[in-house]
Amino acid sequence: MKLNKILKNTLLIVFACFALSACATSKKTSGQMQGDVYTGTDSVEYLASGVPDRVFFATNESVLTTASRETLRKQAAYLRKNSKITIVLEGHADERGTREYNLALGERRANAAKDYLMTYGISSNRISVLSYGKERPVDSGSNPLAWSKNRRSVTVKAN
Amino acid sequence: MRILIKIIIFLILIPSKSFGLIEVDITRGNLDPLPIAVSPLSIDENSRQNFEKILKKGNIGNEISKIIEINLKTSGLFNPLNKDAFLQAPDIANLKPRFEDWNLIKAQALITGKVSYLDEKLRVEFRLWDVLAGKEMVALAFTTVPTNWRRVGHIITDKVYQRLTGEKGYFDTRIIYVAEEGPKTKRIKKLAIMDQDGANNKFLTLGNELVLTPRFNPTSQMVTYLSYFRNLPRVYLLDIETGTQEVVGDFPGMTFAPRFSPDGKKIIMSFAKDGNSEIYTMDLENRIVEKITNHPSIDTSPSFSPDGKFICFNSDRSGYQQIYVMRSDGSKVKRISFGKGLYGTPVWSPRGDLIAFTKLHKGKFYIGVMRTDGSGERLLTENFYQEAPSWSPNGRVLIFYRETKTDDKGEGFSAKLWSIDLTGYNERMVKTPTDASDPSWSSLLSN
Amino acid sequence: MNRSVIISSVLHAVFIFLTAMSLPFLTKKPIDLPPIVSIELIQITDKTNIPFAPKAKKIIEEVKKKEEKLVSEQAPPKKVKKIKPDSVPMPDDLVKNEKEIKEDKQNPEVVDNEVKQVSEFEKDELFDPNNIAALIDKSKEEIAETTKKNDKVTQDQKRNVENTGLSLSEEDALKAQIFGCWSIPLGLPYNENLLVRIKLQLKPDGTVAKSEIIDHARMNKPGQGFYKVLAESALRAVKLCQPLRVPTTGYEKWKELQLNFDAREMLEG
């Protein structure tokens, strides 16, 4: 009886493993994520031609990826050229975290972007920061790809 | 003398073979809810007609007993018996229950009572009987304005609950929460308040700005919450009796995760600046602001112990979200969560012995409790997404919210309030007119 | 390459095996419990055996009259005054309710009158929930009276560990019966001492002549309010179970019986 149960469980788990590995491979083939950072352009808007408005983060992270730095350098160049523009950096998190922690995490992400822009000569007077936590997702899906799109800091023109 | 002792010893040792007191250990019983009969409250014809005119309810005695019955059933601790099986009419039962009759339908407790219209007021007497012992356990009478009839039902339930469990009840209470509508990407959120049983639902804000995490003051009808009014996320204070609101403190950035101290005199919250969230308190009388934590990591979700001496909070100073406890002055910070996974939203039980939390482990969310030193972790419920437990005022039940997974098209999202007993039994959805999240339980409205 | 495949599959197999072994324990603890026996109502003896509980002060004098009075004493209504519901009004009827509160406070005479209307007799049987300990004191008194007659038995109350008295199967039958009768109050705190010891004096047919809570002093201790509830549930269980399934022989052995009700195991799961 007990052996039977164990066998059954084993089967179940083998199946689960197959299912999971299937997921894993499909993720890679979609080519829109590197690790769990979104690399696609689905939701991305542009401040100006060739200047993407947002950068993406890994789960629970606020470290800027190489791609994010490149995006932010473009933004900095654009902002230096248009010195009258002020911006709001909106930090967001995915739905897989508690609300209050995500508010703090969104703030940390937006500030990571802010700090980087400042090192490229943008005055902190021109930048304000606003965290939405997980309150304003761009993708309402409940899957890793959607979550990766939602872990972001978006640069929004304030004037 | 010695001989006497010898005789006694002899008496104890020898005859005990045949006369010793036999002990039998009873370590099991049934955990079925206690069968209880809620007899409809009796009412005289004159009173019935008066209340019908005022309240538009056919028989207010029946209505009140229905409230008691639903409350008892919802608690999971009682099993109100089917009224069809009652042998004694309400008016007679109220005077003199025939315990044999109630015994026959296996009731172990019986509630009877009488409603009358007296000087334009509602007067309710009720009695709780122990059917097996054949004795009265509680007898009380209430007088109030007729429109308060639902609360009379709740207060009676509280008294019955207290007498039969030894703990205070939680029925004459309200729940404040965030009512949600609209698509997930553009969710409209309003503050809403309702009675514990879902009646008297009211919206307190219009939904023009995002509002989050309302929490009751344990000592009054004040609420603190986070509002994105003018896109400036700040902690606000709202008096739900007068509707007056004010910003808490003058912070140059986002304040969030507010909660009252147990005496209701302070608000504890997080203030985020330059990517670092720290915990602050503000005294509501003298407006003095104190910084409690000082660490470059995220420190949030603070909650006082009921004696006000300690604070539990959420921090990622170890690299990941974990639960910490410190003295209320910020000293002696100690991590208490060491299980696998991430821990958030610690809330200190009003009894003081437990901390409820949300846990994320392997893609599942759990609501659980642990002792205040982190030992004895028990997970009560597992789901795709759920968080933000709030304690019933007696520390027996947790209410939290749960969100569903959306389908391939990103549809099918919903958020609902759920409650669960501390034992992990009796999980049930709390009905709300709209989707709902971030519940907070008030303390008892009476006494 | 081959090596890593082997290592990987071995590790996977180990992992699968471990998970399979541990799966059954993943289920929630409370559900792990063996099925619980539902309440079984066994014929209940006439209530005249049961000490009825009137107001504490009069208990001792009234003990002897009690049984004749039993029926009439339960009867008429009395009035306990308690004014409450207005204390925290809903936002909209705030003003109205404030008036109500005042009114109630201004007319205390009304309240008094109502109480006075109640006859002396009716007042007598006002139940005061605080007096439960006294009620149990009373049952203690009764025990004392009866035990005097049975001197031999009382002398032997000191428990002798070697003495098992009942055979295992006899004990199991009794336990099984009481398990079924005991509705554990679900609201109990899970981390307290939840042991209630009850001493019974039984008649040869297994009905209960007397029942006594041994640590009844604990009821009066602060923070032990739940103990009363627990004790009452144990007494109810005994009453529900009557007559107890006692062995057909050896009455002398089991005419006194101690039941140790411990809810902790059940509530902790």
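Two residues are in contact if their C-beta atoms, placed from the backbone, lie within 7 Å. Helices (H or I, at least four residues) and strands (E, at least two) are DSSP runs, numbered from the N terminus.

This is a predicted model: local features need pLDDT of at least 70, side-chain atom pairs count only at pLDDT 80 or more, and totals for chains, interfaces and linings use all residues. Residues are numbered from 1 along each chain as its sequence is written, and chains are lettered from A and ligands numbered from 1 in the order in which they are written.

**Stop 1: α9 of chain C.** Select residues 168–181 of chain C. This helix has 14 residues. Which of them are buried (20 or more other C-beta atoms within 10 Å of their own; exposed means 12 or fewer, partly exposed in between)? They are Glu170(C), Leu174(C), Gln177(C), Ile178(C), Gly180(C) and Cys181(C). Look down the axis: these buried residues fall within an arc of 160° (taken from the directions from the helix axis to the C-beta atoms), so they line one face of the helix. On the other side, Leu168(C), Ser169(C) and Ala176(C) are exposed.

**Stop 2: the partners.** Now add β1 (22–26) of chain B, plus α10 and β3 (256–262) of chain C. The buried residues of α9(C) pack against these elements.

**Stop 3: the core.** Select Ala234(C) and Ile355(B). They have the most contacts inside the largest nonpolar core (buried Ala, Val, Leu, Ile, Met, Phe, Trp, Tyr and Cys residues joined through C-beta atoms within 7 Å), which has 165 residues. Its largest share, 10 residues, comes from helix α10 (residues 225–241) of chain C.

Notes
Expected span 1.5 Å × (residues − 1).
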